[in-house]
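Work through these short exercises with the structure in view. Try each task before reading its solution.

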Amino acid sequence: MRKTGRPAIMNEESTTIVKKQLAAHGLVNVGKIHYNLSSAALYDEVVRRGEGRIVHGGPILVDTAPYTGRSPNDRFIVKDSKTADNVAWGEINRPFETEQFERIRTRFMAYFQCREVYVQDLLVGADPSHQRRIRMVTENAWHALFGRNMFISPDIVTDYPQPPDCTIFNASGFRADPKIDGTNSEACVLLNLKKGEVLIASTAYGGENKKAIFSAMNYYMPMEDVMPMHCSANVGEKGDVAVFFGLSGTGKTTLSTDPSRRMIGDDEHGWSDQGVFNFEGGCYAKVIRLSPKAEPEIWNCTRKFGTVIENVVADPVTRHIDLDDDSITENTRAAYSLEALQNIQPGSMAGHPNHVIMLTADAFGVMPPVARLTTEQAMYHFLSGYTAKLAGTERGIKDPVASFSSCFGEPFMVQDPVMYAEMLGKRLLQHNAKCWLVNTGWTAGPYGTGYRMPIQETRTIINAILSDALNDIETRTSHFFRFKVPVAIEGIPDNRLNPRSTWESPDAYDQKAGVLAQRFRENFKKYADRVTEAVRDFGGPRHT
């Protein structure tokens with residue numbers, strides 16, 4: 001699939017069809033319908049409505065405050081006959097009763113009456129065999145532009161709007177009432193997987209749209225024997241594929257944006273029996289303190305027409321943006337089409353991965369910059385998903401917080417994490433893919449004492465992995481974590497590869513590493529009786 005500059009379809013017949021399809025959801029008596037407007041036309045609407053400003057270079061700048069990150073406590077999934085036995089219910093996937101959903105849905109649709117709405121028909125999933133039609137219905141023009149950037153536009157535009165598989169209704173001006181609606185606050189993200197509907201209220205943060213659809217794909221894709229992955233992916237000139245697992249801020253976008261390799265995508269993919277394919281048609285990059293030297297392609301996209309920039313400060317006179325200013329939030333973002341990049345993979349599909357890289361931002365500062373994992377260790381660390389939640393990615397996060405997020409994307413994993421891990425282990429063995437753990441977090445001490453791994457060193461390590469230079473080199477076994485760590489890598493200080501030697505006090509390192517190892521073991525107890533003995537006993541840290 002490719003992105004296209006599609007003409008608007010505004011003939012009377014197509015508008016009538018859209019109105020009838022919206023009415024089937026209970027959305028009637030709407031005002032003007034802006035259907036499939038181009039990016040340029042949406043710019044006009046954003047400015048006309050005062051939703052944002054055009055800044056230097058051509059992007060649209062919008063403010064989503066007070067919601068400048070995802071609101072995980074406000075996300076619910078409707079529990080019904082379809083989902084009752086297929087969702088991993090708990091703190092992440094909070095159940096919402098069907099009757100509650102219908103009540104708030106009625107109020108939601110009433111809110112839209114007599115309002116202008118922006119409708120975009122898009123696709124998710126670059127592989128036609130596993131594709132879904134999605135429709136975004138929004139009250140803000142910039143959300144429609146965000147959707148055009150993030151999802152896939154069809155190659156062929158028909159004169160007749162097709163019924164979607166899933167519809168997002170985004171009304172950031174709607175305020176839920178917890179006493180009436182059963183929500184946690186005035187904001188909510190409600191997923192009805194049976195009806196194929198998503199309701200987003202109160203929060204304007206663009207990321208809620210993409211992650212709602214990602215959650216839906218994490219539910220549907222395993223039923224088609226496709227492993228959904230919270231990862232970036234790229235492909236080399238020889239067709240060698242790499243995927244990068246990691247939570248927001250760990251380097252998925254930065255490390256996969258490589259001028260010598262074609263990007264498949266930066267955040268969400270599927271691994272089918274044919275290979276890897278992107279779910280999306282764009283990137284949603286974190287841009288705080290972005291460097292034109294270290295991350296030139298992403299930096300350039302913050303100066304291009306079509307890009308939507310969230311919560312960045314701009315000079316009121318010159319309209320030059322300041323990517324170093326975090327006065328609104330640390331979680332500043334840019335949403336842009338893959339076509340804004342210079343080197344992308346045609347069709348956003350490629351073969352099976354040669355290398356699987358798990359990125360962790362270790363706030364304890366005890367993990368080595370790179371380690372080779374066995375299949376059992378890969379499954380263990382995939383289920384553990386150890387990293388640091390970085391500032392701003394969720395509401396209330398001010399400093400890095402050490403945490404475990406299964407599958408390196410627990411907030412979006414709808415089914416049992418063990419099932420996803422088994423899919424990973426099966427594919428690693430079947431396709432002989434090598435797996436690596438790469439620490440993009442702290443060294444020479446924990447957060448507050450040490451410092452972040454230099455990005456150029458991390459790039460050197462990634463390049464060594466992808467060139468197969470680390471496949472057969474000498475390694476040592478990490479005492480606490482048991483994985484294989486290279487003894488020497490050209491361009492990397494030897495002491496960096498042995499993090500204990502970077503600490504002022506080796507004893508302090510041992511104490512902190514022991515604490516982290518124990519945290520791994522405590523966290524993994526919830527999976528211990530559902531994985532193989534090899535994964536449970538030899539995949540994780542030593543019991544010392």
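**Exercise 1.** Find how many helices and strands the chain has.

Solution. This is a predicted model. Go along the chain and count the elements: there are 14 helices and 30 strands.

**Exercise 2.** Decide whether the radius of gyration agrees with that of a compact globule.

Solution. Start from the length, 544 residues. A compact globule with that many residues would have a radius of gyration near 24 Å. The chain has 23 Å, which agrees. Next, look at the box filled by the C-alpha atoms: it is roughly 70 × 55 × 45 Å along the principal axes.

**Exercise 3.** State what share of the residues is buried, and describe the surface.

Solution. Buried means under 20% relative accessible area. By that cut-off, 61% of the 544 residues count as buried. Now turn to the accessible surface, which comes to about 20,400 Å². Carbon and sulfur atoms account for 49% of that area.

**Exercise 4.** Work out which residues have the most contacts inside the largest nonpolar core, and which helix gives the most to this core.

Solution. The largest nonpolar core has 97 residues. Those with the most contacts inside it are Phe 245, Met 358, Phe 382, Phe 481 and Leu 516. Helix 6, residues 207-220, gives the most to this core, with seven residues. Then find the second, separate core: it has 26 residues, among them Leu 27, Phe 76, Phe 101 and Ala 176.

**Exercise 5.** Count the charged side chains and compare the centres of the two sets.

Solution. There are 61 positive and 65 negative side chains. The centres of the two sets lie 1 Å apart.

Note on methods: Residues are numbered from 1 along each chain as its sequence is written. This is a predicted model: local features need pLDDT of at least 70, side-chain atom pairs count only at pLDDT 80 or more; totals for chains, interfaces and linings use all residues. Side-chain values use heavy atoms; hydrogens and water are left out. Helices (H or I, at least four residues) and strands (E, at least two) are DSSP runs, numbered from the N terminus. The radius of gyration is taken over C-alpha atoms; the globule rule is 2.2 Å times the number of residues to the power 0.38. Buried means under 20% relative accessible area, exposed over 50%, partly exposed in between (1.4 Å probe, protein chains only). Accessible areas come from the Shrake-Rupley method with a 1.4 Å probe; for residues, only the protein chains shown count as cover. Lys and Arg count as positive and Asp and Glu as negative; His and the chain ends are not counted. The place of a charge is taken as NZ of Lys, CZ of Arg, CG of Asp or CD of Glu. A nonpolar core is a set of buried Ala, Val, Leu, Ile, Met, Phe, Trp, Tyr and Cys residues joined through side-chain atoms within 4.5 Å.
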